[in-house]
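Work through these exercises with the model open beside you. Try each task before reading its solution.

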Amino acid sequence: MAQDTTVPKLNFEYWLEKAVEWGQATTLESQKDTCLHLPQLQEFLHQLYETIKHLDPTVAIQQFPLIGQLLGRLCWNPFVIGYDESQKTLMWCLCCLYSSEPQNAVELKANSWIRSLLCHLLSSSNWDSNEAETSTFISALGYTSADYYCHLVKNMVSSLVTELRENQFNGLNIQESISASRVNAVSIFCVPLITLPDLTPLLETLLLYHGGSSKEILSSEFLEAVNEAFLKKKISLPESAIFSLWLRHLPSLEKATLHLLDQLFSIQLNSLEEVARVIKDSLLPQASSHPAIFRIVNDIFKNALMETDGASEVMTIIQVFTQLFLQAYQNENKQHKFPLKAYFPYHHQPLVRALVRRPFELPTTYWSQHVKHISDMLKALTEDTNVSSLTDLFEIWFLVACFGEWLDIAAEQLLKAAVEPDPVLWLLAFYYCPKNENQQRTQTMVEAQAVYSHLMMLFSCTDLSLKDLEAAVHRVTGIEQCCNQRFTTHLLTNFLLFSPGGHEIAQECICHITEITDTSKEVYNLLIRTAYRFNHSGEENQRTVKLVNELLQKLTLKV
């Protein structure tokens, strides 16, 4: 009769008898006998793993009904798990028995049992019940308890990392590759130990691991746990690992973005340097160099802006984020850089290219021309009959708003440079009043032109009083429409900052306006954006910088 060679001869009865006889190796006789058999036992465990690694867990248990009893007993013998690669092999065998998609209560219970064994193998705290017995063994090896368990974990992590990386490079060899279910099982077993420093190399390797499956092979519990630990700063991982986490698990990316917004809302926005530091530490601007991440983060910011009714502080956060994203994008290696269309696929590309140009990339003498170019393109787009829905209009507005640096420069150029005012005023009117229902934007333009004309008549005066600005102030405080009020406040604030006589009455005028109108936050956010740009460009004189800081201190209590 031909011998069936599909399943190797594995003497389970013999090794189970030995495991029962040894127990937890508490006597000198059992310790000697265990040590005598360790090489053969390790060879047996290796053959077992090679046999079951391609089998479904249910099939493996059917073929080897004693496997659970044997592995369970061996996992509690300190001599077995301390010998060479036996601990790693035991772990892999347990992984093979883990059901990634349990179908019934028995499989759920088996999974729970396997998880507890794996935690026991990895964590020194699980040995407390056997402290007396294991300390004798550890002392004989010349280690302290802490050293012993540290070496066990490090060696096992190193072996797993090596095996996963070799499998990654050798992925086309089906017979040698690790199955997706095994990798999934390993990721689950890491969950209780995420914050263990020695586990970091394994976490990184798993996050960067991609098997041949089209489905996600890492467990969602693992991905969520890593993300949570990263957000709470309990672990430190390379940027590439975090980026991979967010690319492969959308809920983690969403949670990271909302966590960033919560952080920023909980701090006083005294300076945009602090805002920029918090945003940069989140790694989201750097991760957004990948278009898929950028578009999701951008959508979350967009929703946050809508939910807060366009709050100026939210808009300021989005604008700082966009600047940091552009820095990261421009620092990308040209060979790996995605085209701008990948980030803004549905927008007019010439407008996108104009907006992403940073002001410092252009001579200041060219700023007015660049602002006019943006305004002309934007006006042509919004007057296009194809842009018929409010959704289309909002998307165009949000794109422009994200690059608010150019809007602030546009408002300054009206006062500081010889510009053609109408295109610049139209650009700002569109920002503050994108909808033109019932001629809202047209009315905003009329109000802004009147304020602008009045301010320009006073711009060269070196001796001003609040009474000189009475007409402009009255237009600001007497306007009922919020968008008009915010626009004219912007113009008046810039006049006070950049006109020769504005500095002397700036504090009195700003306090008067913010007491009568609900524009404190608007003015405050304009000032911190202005201070941020001054600090990074050094373009303004120290007197103006000092005034901005004094006004911020005055307004801090109001916001």
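**Exercise 1. Sort the lining of the largest cavity by class, then place this cavity in the predicted model.**

Solution.

Step 1. Sort by class. The lining of the largest cavity has 6 nonpolar, 4 polar and 3 charged residues.

Step 2. Find the centre. The lining has 13 residues, and Gln323, Leu326, Arg358, Phe403 and Glu405 lie nearest the centre of the largest cavity.

Step 3. Assign elements. Helix H18 (312–331) and helix H23 (404–416) are the elements that give two or more residues to this lining. H18 provides the largest share, 4 residues.

Step 4. Assign domains. Domain 3 (250–345) gives residues to the lining, and so does domain 4 (346–557); the largest cavity therefore lies between them.

Step 5. Add the volume. The largest cavity has about 70 Å³.

**Exercise 2. Describe the second largest cavity: its volume, its lining and the classes of its lining residues.**

Solution.

Step 1. Start with the count. There are 2 cavities of 30 Å³ or more.

Step 2. Take the volume. The second largest cavity holds about 40 Å³ of space.

Step 3. List the lining. Leu355, Val371, Ile374, Val400, Phe403, Trp406, Leu407 and Leu427 line the second largest cavity.

Step 4. Sort by class. This lining has 8 nonpolar residues, no polar ones and no charged ones.

Step 5. Assign elements. Helix H21 (367–382) and H23 each supply at least two residues of the lining.

Step 6. Look back at Exercise 1. Phe403 lines the second largest cavity, and Phe403 is also among the residues nearest the centre of the largest cavity.

**Exercise 3. How many disulfides does the count come to, and why is Cys509 not bonded to Cys511?**

Solution.

Step 1. Take the count. It comes to 0 disulfides.

Step 2. Check the distance. The closest cysteine sulfur to that of Cys509 is in Cys511, at 9.4 Å. The cut-off for a disulfide is 2.5 Å. The two sulfurs are therefore too far apart for a bond.

Step 3. Check burial. Cys509 has 0% relative accessibility, so Cys509 counts as buried. Cys433 is at 3%, so Cys433 counts as buried too.

**Exercise 4. Classify the ring pairs Tyr14–Trp15 and Phe498–Phe534, and say whether each ring residue is buried or partly exposed.**

Solution.

Step 1. Choose the two values. A pair of aromatic rings is described by the distance of the centres and the angle of the planes.

Step 2. Take the count. There are 23 aromatic pairs.

Step 3. Classify Tyr14 and Trp15. Their centres are 5.0 Å apart and their planes meet at 75°, an edge-to-face pair.

Step 4. Check exposure. Tyr14 is at 33% relative accessibility, so Tyr14 counts as partly exposed. Trp15 has a relative accessible area of 7%, so Trp15 is buried.

Step 5. Classify Phe498 and Phe534. This pair is edge-to-face, with 6.4 Å centre to centre and 75° between the planes.

Step 6. Locate the two rings. Phe498 is in helix H27 (residues 482–498) and Phe534 in helix H29 (residues 520–537). The pair links distant parts of the chain, 36 residues apart.

Step 7. Check exposure again. Phe498 is at 12% relative accessibility, so Phe498 counts as buried. Phe534 is at 4%, so Phe534 is buried.

**Exercise 5. Which residues do ring pairs link into a cluster with Tyr14 and Trp15?**

Solution.

Step 1. Follow the ring pairs. Phe12, Trp22, Phe44 and Phe64 are linked with Tyr14 and Trp15 into a cluster.

Note on methods
Residues are numbered from 1 along each chain as its sequence is written. This is a predicted model: local features need pLDDT of at least 70, side-chain atom pairs count only at pLDDT 80 or more; totals for chains, interfaces and linings use all residues. Side-chain values use heavy atoms; hydrogens and water are left out. Buried means under 20% relative accessible area, exposed over 50%, partly exposed in between (1.4 Å probe, protein chains only). On a 1 Å grid over the protein atoms alone, a cavity is a set of points where a 1.4 Å probe fits but cannot get out, and a pocket is an open set with protein on both sides within 12 Å along at least five of seven lines; lining residues have an atom within 4 Å of a point. Grid points are joined across faces, edges and corners, and a volume is the space filled by probe spheres set on the points. Ala, Val, Leu, Ile, Met, Phe, Trp, Tyr, Cys and Pro count as nonpolar, Asp, Glu, Lys and Arg as charged, and the others, Gly among them, as polar. Domain bounds come from an automatic or database domain assignment. Rings of Phe, Tyr and Trp (its six-membered ring) pair if their centres lie within 6.5 Å; planes under 30 degrees apart count as stacked, over 60 as edge-to-face and the rest as tilted.
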